Amino acid sequence: MKHNPFLTNGLSIAFGLLFAFSLIGQAFSGLAYFNEQQMASELEPVGFWQYVTSSSFAVDVAENWQSEFLQFLLFIWLTVWLVQKGSPESKEIEKRGTQSDKDQLVRGFAQPDSPKWAKAGGFRTRIFSNSLALVMGGIFVGSWLVQSVAGFSAFAESQLANLQDPGTWGEYLGSPEFWNRTLQNWQSEFLAVWSMVILSVYLRQRGSPESKPVGEPHDSTGASN
Amino acid sequence: MDPQAHRTRAPLAGAGVVLALLLAGCSSLNPGTSDAADTAAQFHTALSSGDAQAACSLLAPGTVEKLEDGSDGSCAQKLGQLQLDPASAVQQSQAFGSNAQVQLDADTVFLTLSGDRWKITAAGCTSRGEKPYDCEVEGG
């Protein structure tokens with residue numbers, strides 16, 4: 001039976017819209033806040049497009065992105081080898097590691113409808129086998145680089161407004177400002193994952209695939225709705 | 001639609017967004033360092049030739065206001081009395097977003113963007129290391 005594509009893609013559509021509305025909201029609220037600071041410093045307010053192409057907006061976006069993608073990268077990668085007894089986010093202890101080709105349906109064990117690169121063998125199967133972590137890692141590194149460049153530019157701008165030397169990008173990479181922006185995002189992401197791993201052992205959400213079935217025992221690992 | 005093609009476009013879109021953000025970050029690095037240097041040089045040329053009125057026209061409104069604050073006298077009169085060290089050769093110019101710094105042979109000048117023109121917020125500045133520069137002319 002063919003379902004309506006809005007139904008079969010509801011999760012990605014909902015999060016796509018939430019992302020878009022949040023980013024637009026951040027742009028407008030960020031502009032208002034930036035202009036409040038400009039007025040306080042007796043500097044001219046900036047327009048919407050000038051703000052959304054500014055280093056201030058870029059660093060505020062990028063510092064959150066890098067931490068989110070780092071969170072997913074680590075979660076995807078560490079759960080290959082590390083397990084948590086009772087968590088639906090974890091595999092059973094016997095399944096630790098990258099598992100056999102038979103378990104993963106690759107190369108000679110691929111199904112007729114398996115992705116082409118799962119059947120291909122060689123470097124293509126190796127790349128496809130790690131593609132999720134590679135893309136998450138790539139976006140993490142890219143976002144962190146953007147954070148460092150845009151963050152330096154925004155920091156240098158405020159230094160100049162305060163009649164101080166702007167410094168260099170290299171100096172900024174070792175600065176408290178860069179690491180404070182980075183670590184305040186990392187700690188919250190790691191707390192969220194840690195809570196999810198542990199709380200999902202003992203708590204349930206009926207109907208959610210992120211939870212075990214309500215009646216599943218606490219020590220049952222890897223089960224989900 | 002070929003599902004494989006769809007799959008390879010998602011990472012490309014992600015990389016595109018990161019690249020766009022990187023360009024946005026970089027685009028703010030140097031919006032016109034040579035214009036900032038020209039303004040700083042014009043300021044000192046005007047002062048050297050005794051045209052304090054022209055030098056005042058290159059100052060940001062907040063800086064003119066601060067200069068005229070307190071005792072009587074126009075911006076030009078007070079700027080002329082300050083006897084800033086003459087400077088002519090631009091050694092380095094840096095601009096980030098709407099602020100710039102121009103280092104001349106005998107002065108460091110700070111500027112801000114006013115519309116599409118640079119205006120001077122501080123001049124006659126001496127470095128104090130990590131602390132803000134000590135400036136003879138500066139805004140509020």
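Is Leu17(A) buried, partly exposed or exposed?

1. Leu17(A) is partly exposed. Its relative accessible area is 46%. Buried would need under 20%, and exposed over 50%, so the 46% of Leu17(A) falls in between. Note that this is a predicted model.

2. Leu17(A) sits in helix H2 of chain A. Leu17(A) also belongs to a nonpolar surface patch of about 660 Å². The other members are Phe6(A), Ile13(A), Phe21(A), Ile24(A) and Phe28(A). Helix H2, residues 10–40, gives the most to this patch, with five residues.

3. Helix H2 also packs against another element worth checking. The axes of H2(A) and helix H4(A), residues 55–81, come within 10 Å. They cross at roughly 140 degrees. Angles over 145 degrees would count as roughly antiparallel, so H2(A) and H4(A) are oblique to each other. The crossing is right-handed.

4. Now the charged pairs. Side chains of opposite charge can pair when their charged atoms come close. A search of the whole structure finds four salt bridges over all chains. Three of them are taken up below, along with a network.

5. Asp60(A) forms a salt bridge with Arg181(A). The closest N and O atoms are 3.3 Å apart. This pair links distant parts of the chain: Asp60(A) is in helix H4, Arg181(A) in helix H10, residues 176–202. The two are 121 residues apart. Asp60(A) is partly exposed, at 27% relative accessible area. Arg181(A) counts as buried, at 17% relative accessibility.

6. Glu63(A) forms a salt bridge with Arg181(A) as well. Here the closest N and O atoms are 2.5 Å apart. Glu63(A) lies in helix H4 and Arg181(A) in helix H10, so this pair ties together parts that are 118 residues apart in sequence. Glu63(A) is buried, with a relative accessible area of 10%.

7. Asp101(A) forms a salt bridge with Arg107(A). The closest N and O atoms are 3.2 Å apart. Asp101(A) counts as partly exposed, at 29% relative accessibility. Arg107(A) also counts as partly exposed, at 32%.

8. Which residues are joined into one network by salt bridges that share partners? They are Asp60(A), Glu63(A), Glu177(A) and Arg181(A). Within this network, Arg181(A) pairs with Asp60(A) and with Glu63(A).

Key: Residues numbered from 1 in each chain as written. Chains lettered and ligands numbered in written order. Predicted model: local features only at pLDDT ≥ 70, side-chain atom pairs only at ≥ 80, totals over all residues. Heavy atoms only, no water. Patch = residues over 30% accessible without salt bridge, like charges linked within 9 Å, V, L, I, M, F, W, Y side chains within 5 Å. Areas by Shrake-Rupley, 256 points an atom, 1.4 Å probe, with all protein chains shown as cover. Salt bridge = Lys/Arg side-chain N within 4 Å of Asp/Glu carboxyl O. Helix = DSSP H or I, 4+ residues; strand = E, 2+ residues; numbered from the N terminus. Buried < 20%, exposed > 50% of the residue type's maximum accessible area, 1.4 Å probe, protein only. Axes fitted to C-alpha atoms, helices over the stretch in contact; angles between N-to-C directions. Parallel < 35°, antiparallel > 145°, perpendicular 65-115°, else oblique. Left-handed = near helix turned anticlockwise from the far one by under 90°.
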